[in-house]
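Reader: I'd like to practise reading features off a model, one at a time. Could you take me through some?

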Amino acid sequence: MSLLDKLKKDIVIGDGAMGTLLYSYGTDSCFEELNLSHPDDILNIHKAYLRAGADVIQTNTYAANSLKLQRYGLEDSVEKINRAAVKIAKQAITNESFVVGTIGGNRGIRHNSFSLEEIVQSFSQQLHYLLLEDIDGLLLETYYDLDEIEAVLSIARKETNLPIIAQVSMQVPGIMQNRTPINEALLRLENLGADVVGVNCRLGPHHMLESLEQVELPKTALLSAYPNASLPTYTDGKFHYEGDADYFRKSAQEFRSQGVRLLGGCCGTTPAHIEAFASELKGTSPVTEKQVEVKKEVVQVKSVQPKRTERPLQEIVKERSSVIVELDPPRKLNTKKFFEGAQALKEAGVDAITLADNSLASPRICNTSLAQLTKTNIGLRPLVHITCRDRNIIGLQSHLMGLHTLGLHDILAITGDPARVGDFPGASSVYDVSSFELISMIKQFNEGLSPTGKDLGEKGVFSVAAAFNPNVKYIDKAVLRMEKKAKYGADYFITQPVYSEEKLLEIYHATRHINEPIYIGLMPLTSSKNAEFLHNEVPGIKISDSIRELMASLKDDPVQSTNEGIAITKSLIDAASELFNGIYLITPFMRYEMTAQLATYTNTINSQVLRRKLNANSIVK
């Protein structure tokens, strides 16, 4: 009897977790490599699950693809690991049990961790080697990204007539992270040729059953479920699961009543959990009819109009000249000079001050707290920088919710300098997401959805700026990144500091096709030492030889150096104002009097430029 024939006739019991048991034995490296170095350990686990009552075991190949093996330097061992895994599993089975080749998903929350092209190439290679070993079927499991599993399922269906089990995973019960209802997701997999469709991982029996209540019995495919034992607990430096096997026994009949034909376990499950399922379901007949009232997920959002009283900066800068100024939060607890600077900049007529998020990976006062005080006490719009370096996805979501609650809606989304360049070289850089994904995440907030697709109950109204570094050898490559950020949802761009009119013209011509407005970054130099540091040690900043030579000639005269730094910036403002509506002034060393003076000058120049343009238009008419 084939695996598919048995599934059509009986309730079939799958195995449980492989990694959980290996981890409990003290193994915390590449589990798939153990197929080569410790095959007996893998064989013994397979046998334990078969003794517990499993009819189907899966190969120890969940992450045995080149994309995941490369983190261990094993990307050239894909063939050896996969073929060895099948051979080990086959040693364990009897004539009445089956081996399915497992291929796991690559994408989690980070939708763009791997491109679909990379995934397809890696999947095809792993699939090829599994099929060479005459397996009884394929198990595609733990796919959070629906696009990914649809792509690989299509390939697998073309390559083999073997039974294919396609299982997705949900962050939130009942829906995929792209908001596709689970019933619809499984129907799509059935239509692509999957013989068994189902869910696994992330959720325990309670929430998995809750999700399955919304799933209709497929027309041609069959249903599967592989729940987790529980949520993991972290104690004494190790993860462990506390799920009770008896709890699985009590839920077994409920899985049957939901139409599940293939029932196994995922993270945290052991042979005891599988024995609990088998003892309840072996010999029982499967359910062939099921009444389902499919729930339609609707995001209920409140009116967003009262939440934003200021026009977004991207709208302002499209219509008129605009000046924003970066004023870094202090490194020390005294904030007097910061707020003096904010007040001076307001009086100079700037549209906003931007507050960096621990720039150069050095700790400063939280920019959110200063932003709120600036808005409340001074009445000046703050633009809050958010880096990907310091917060994981949980922290980023919480941070965005806090900003929304405070009414701080202007954000600059950046990757952030790595932690090793800052004051704490032993600190870790998080980088759960890139700046592209952070932009997309913020835009999803504006739809009322969290990164996992969960309803936030209200839509955000964030305006998102993105960074653009034109100080590179090939600006066309930087513009491609700019275009990508715009595609992900960036509303406007802020550049790194520019120090030549030639560069301004280059930016103008290279970005004329970009619809999103640009704020040109300008930072006055304060000394020759400052110029050399910026040119040689700060990523993304390059200063021309002529300017560095000029500043070097004044190195013994600090007053004249400052005046010359202001004069150079004024000259750049003159040129930039003819090409761009947006000017972004960066305050050096909290010397806000310099940027206040330059802001006043910029507004004067912008008025003159506007009058000239109006006069020119009237002459043409």
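Reader: Let's start with helix α14. Which residues of α14 are buried?

Author: This is a predicted model, so keep that in mind throughout. The buried residues of α14 are F338, F339, G341, A342, A344 and L345. The helix itself covers residues 336-347, twelve in total. From first C-alpha to last, α14 reaches 17 Å, close to the 16 Å expected at 1.5 Å a residue. Just after α14 comes G349, with a positive phi of about 90°.

Reader: How do I read a pair of aromatic rings, and how many aromatic pairs are there?

Author: A ring pair is described by how far apart the centres are and by the angle between the planes. Here the count comes to seven aromatic pairs. Take F338 and F339: their ring centres are 5.1 Å apart and the planes stand at 85°, so this pair is edge-to-face. Both F338 and F339 are buried. Now compare F436 and Y488, whose centres are 5.8 Å apart with planes at 50°, so that pair is tilted. The F436 and Y488 pair links distant parts of the chain, since F436 belongs to helix α17 (residues 435-445) and Y488 to helix α18 (residues 475-488), 52 residues apart. F436 has a relative accessible area of 9%, so it is buried. Y488 counts as buried too, at 18%. There is also a cluster, with ring pairs linking F248, F255 and F277.

Reader: What sits over the ring of F436?

Author: The charged end of K484 does, 4.3 Å from the ring centre. K485 also lies over the face of F436, at 5.9 Å from the ring centre.

Reader: On to charges, then. How many salt bridges does a search of the whole structure find?

Author: The general idea is that side chains of opposite charge can pair when their charged atoms come close. The search finds 25 salt bridges. D10 is a good one to look at: its side chain meets K6 at 3.4 Å, N to O, and K9 at 3.3 Å. With a relative accessible area of 18%, D10 is buried, and K6 is buried as well.

Reader: Which salt bridge links distant parts of the chain?

Author: Try D328 and R364, whose side chains meet at 3.9 Å, N to O. D328 is in the loop between β11 (322-326) and α14, while R364 is in the loop between β12 (352-355) and α15 (367-378), and the two are 36 residues apart. Both D328 and R364 are buried. For a network of salt bridges, look at E79, R83, K87 and E133.

Reader: What about cysteines: how many disulfides does the count come to?

Author: A disulfide is a covalent bond joining the sulfur atoms of two cysteines. In this model the count comes to zero. C30 is in no disulfide, as the nearest cysteine sulfur, that of C267, is 16 Å away. C366 has its closest cysteine sulfur in C388, and 16 Å is too far for a bond. As for accessibility, C30 counts as buried at 4%, whereas C366 counts as partly exposed at 41%.

Reader: One last residue: where is L131 found, and which residues does L131 touch?

Author: L131 is found in helix α7 (residues 116-131). Leaving out residues up to four places away in sequence, L131 touches E159, T160 and L162. Its relative accessible area of 24% makes L131 partly exposed. From L131 to G193 is 62 residues in sequence and 17 Å in space, C-alpha to C-alpha.

Definitions and conventions: Residues numbered from 1 in each chain as written. Predicted model: local features only at pLDDT ≥ 70, side-chain atom pairs only at ≥ 80, totals over all residues. Heavy atoms only, no water. Helix = DSSP H or I, 4+ residues; strand = E, 2+ residues; numbered from the N terminus. Buried < 20%, exposed > 50% of the residue type's maximum accessible area, 1.4 Å probe, protein only. Contact = heavy atoms within 4.5 Å. Expected span 1.5 Å × (residues − 1). Disulfide = S-S within 2.5 Å. Phe/Tyr/Trp six-rings, centres within 6.5 Å; stacked < 30°, edge-to-face > 60°. Lys NZ or Arg CZ within 6 Å of the ring centre and 35° of its normal. Salt bridge = Lys/Arg side-chain N within 4 Å of Asp/Glu carboxyl O.
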